[in-house]
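This report describes selected helix packing, side-chain contacts and backbone geometry in a single protein chain. The sequence and the structure are shown first.

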Amino acid sequence: MSPDLTITDVRLTPILVADPPLLNTQGVHQPYTPRLIVEVVTADGTTGVGETYGDTKYLELARPFAEKLTGRQVSDLNGLFTIADEVSVDSSRISGQVDVGGLRGVQTADKLRLSVVSAFEVACLDALGKALGLPVHALLGGKVRDAVEYSAYLFYKWADHPEGVAAEKDDWGAAVDPAGVVEQARRFKERYGFTSFKLKGGVFPPDEEIAAVRALAEAFPGHPLRLDPNGAWSVATSLKVAEEIGGILEYLEDPALGTPAMAEVAAKTDVPLATNMCVTTFAEIKEAFTKDAVQVVLSDHHYWGGLRNTQQLAAICRTFGVGVSMHSNTHLGISLTAMTHVASTVPNLHHACDSHYPWQSEDVLTERLTFTDGKLAVSDAPGLGVELDRDKLAFLHRRWLDDDGALRERDDAAAMRVAEPDWVTPPVPRW
Ligand SMILES: [Mg+2]
């Protein structure tokens, strides 16, 4: 008899996880960042897990979504999008501006919905795989590689969060100049074997970031390098940077904000441009590809709406001769495993994917995921191949419960104001 895969219970657990003081153009990461852990339970007792952004606006949307999920089949993945259409989004929760903290383009109701869908889709795939004895990659058509390569995600960072702020201590030290960035890269290479390096820019004036990339090229000759200022530069500044260090870059990521500006930059340089900001939805593809504004799309299964949508995006990129790789925001092991499964099925994945995971000292899994030679092995165990650690989940949920609300919404500018009271989110372009 086949297993009864009717969903009988859905659990939502918001948590706060430690995050180091990583700098970006909006400010600095908070000491703790919200994530949402999703579990679906089927009638035969199988549990699947998923993960997504944990700010209140996601949680508020996930609650009615979870109610509608009960009674449906865990295999009804297309139905998740129907539910998404039925769940209304509180428009006051959407700024209409560039998303705060996440730096993933303009915030819309659709992106919010899809980010919630992604967690349920991953949880359903996990449960389905477990019930059928198949890994998630097999449910997605099968892996075309046994391991997925990731890049070292370098950040300018402070040694500590501002004095007086409760935070976990990290052992990475400060990186606020070229020497600090090179030292951080060296440790990434030693600890995880990464060979591609991405520097999160838009923090210091472009000349300082150019110097950091040059220092990386000197310290790690031949290694792929990327620089991502999150749209902080004007077209002229983007072209100046491309002119100066284009020869040592694998690609330049979102130098300028928005498709028209990216198209202007792309028209005047041979340096490939990557994005996770101007192509973040299917609706944004046509204009960007028609204008040849981007050469690599950095997918993110959270805001693209799951693993199968990520495969569809990859197919469209392949059709247009545009490269594809993967973006990362602060995430835990469930999402990293989900990324790895889908990445293993994408034939045209020719760039190492991004991952924040090394920065996350806390997780909700029984075993930490380990990179070998910069790669993660693709699990062949049923489902995602990971197991929730309920004690860790409860501990991180307790932290969320105990928070007075200040940290439940990620706000990098607010976190920066603790150190610099006059700080405001810089206007774009900043340089
Ligand atoms: Mg980016």
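## Helix packing

The crossing of α5 and α6 is right-handed. The model is a predicted one. Helix α5 spans residues 178–192 and helix α6 residues 206–219; the two pack at an angle of about 40 degrees, and their axes are 8 Å apart. This angle makes α5 oblique to α6, because the roughly parallel class is reserved for angles under 35 degrees. On the α5 side, the contact is formed by Pro 178, Val 181, Val 182, Ala 185 and Arg 186. Helix α6 contributes Glu 208, Ala 211, Ala 212, Ala 215, Leu 216 and Ala 219. Divided by class, the contact of α5 with α6 comprises 9 nonpolar and 2 charged residues, with no polar ones.

Helix α6 also packs against α7. Their axes come within 11 Å and cross at roughly 25 degrees, and α6 and α7 are therefore roughly parallel to each other. The crossing of α6 with α7 is right-handed. The residues of α6 that take part are Pro 206, Asp 207, Ile 210, Val 213 and Arg 214, while α7 supplies Thr 237, Lys 240, Val 241, Glu 244 and Ile 245. The contact of α6 with α7 has 5 nonpolar, 1 polar and 4 charged residues.

## Two buried serines and His 331

Ser 328 is located in the loop between β13 (323–326) and α12 (333–345), whereas Ser 355 belongs to the loop between α12 and β14 (375–377). Both serines are buried: the relative accessible area is 2% for Ser 328 and 1% for Ser 355. These values fall under the 20% limit for buried residues.

The polar contacts made by the two side chains are set out below.

| Serine side chain | Partner | Distance |
|---|---|---|
| Ser 328 | His 331 side chain | 3.2 Å |
| Ser 328 | His 356 backbone nitrogen | 2.9 Å |
| Ser 355 | His 331 side chain | 3.2 Å |
| Ser 355 | Tyr 357 backbone nitrogen | 3.0 Å |

The side chain of His 331 is thus in polar contact with the side chains of Ser 328 and Ser 355. Apart from residues up to four places away in sequence, Ser 328 touches Tyr 153, Asp 354, Ser 355 and His 356. With the same kind of sequence neighbours, those within four places, left aside, Ser 355 is in contact with Tyr 150, Ser 151, Tyr 153, Ser 328, His 331, Leu 336 and Phe 371. Tyr 153 accordingly appears among the contacts of Ser 328 and among those of Ser 355.

## Backbone geometry

Most residues other than glycine have a negative phi, and most peptide bonds are trans. Asn 230 is not a glycine, yet its phi is positive, at about 55 degrees. Asn 230 is found in the loop between β9 (225–228) and α7 (235–245) and is buried, with a relative accessible area of 4%.

Asp 373, likewise a residue other than glycine, has a positive phi near 50 degrees. Asp 373 lies in the loop between α12 and β14. In contrast to the buried Asn 230, Asp 373 is exposed, with a relative accessible area of 61%.

Where does a cis peptide bond occur? Such a bond joins Val 428 and Pro 429, with omega at about -5 degrees. Pro 429 is part of the segment after α14 (412–419).

Conventions:
Residues are numbered from 1 along each chain as its sequence is written. This is a predicted model: local features need pLDDT of at least 70, side-chain atom pairs count only at pLDDT 80 or more; totals for chains, interfaces and linings use all residues. Side-chain values use heavy atoms; hydrogens and water are left out. Axes are lines fitted to C-alpha atoms, for helices over the stretch in contact, and angles run from 0 to 180 degrees between N-to-C directions. Helices (H or I, at least four residues) and strands (E, at least two) are DSSP runs, numbered from the N terminus. Angles under 35 degrees count as roughly parallel, over 145 as roughly antiparallel, 65 to 115 as roughly perpendicular and the rest as oblique. A crossing is left-handed if the near helix is turned anticlockwise from the far one by less than a right angle, and right-handed if clockwise. Contact means heavy atoms within 4.5 Å. Ala, Val, Leu, Ile, Met, Phe, Trp, Tyr, Cys and Pro count as nonpolar, Asp, Glu, Lys and Arg as charged, and the others, Gly among them, as polar. Buried means under 20% relative accessible area, exposed over 50%, partly exposed in between (1.4 Å probe, protein chains only). A polar contact is a pair of N or O atoms within 3.5 Å; within protein, one must be able to donate a hydrogen and the other to accept it, and residues adjacent in sequence count only if both atoms are side-chain atoms.
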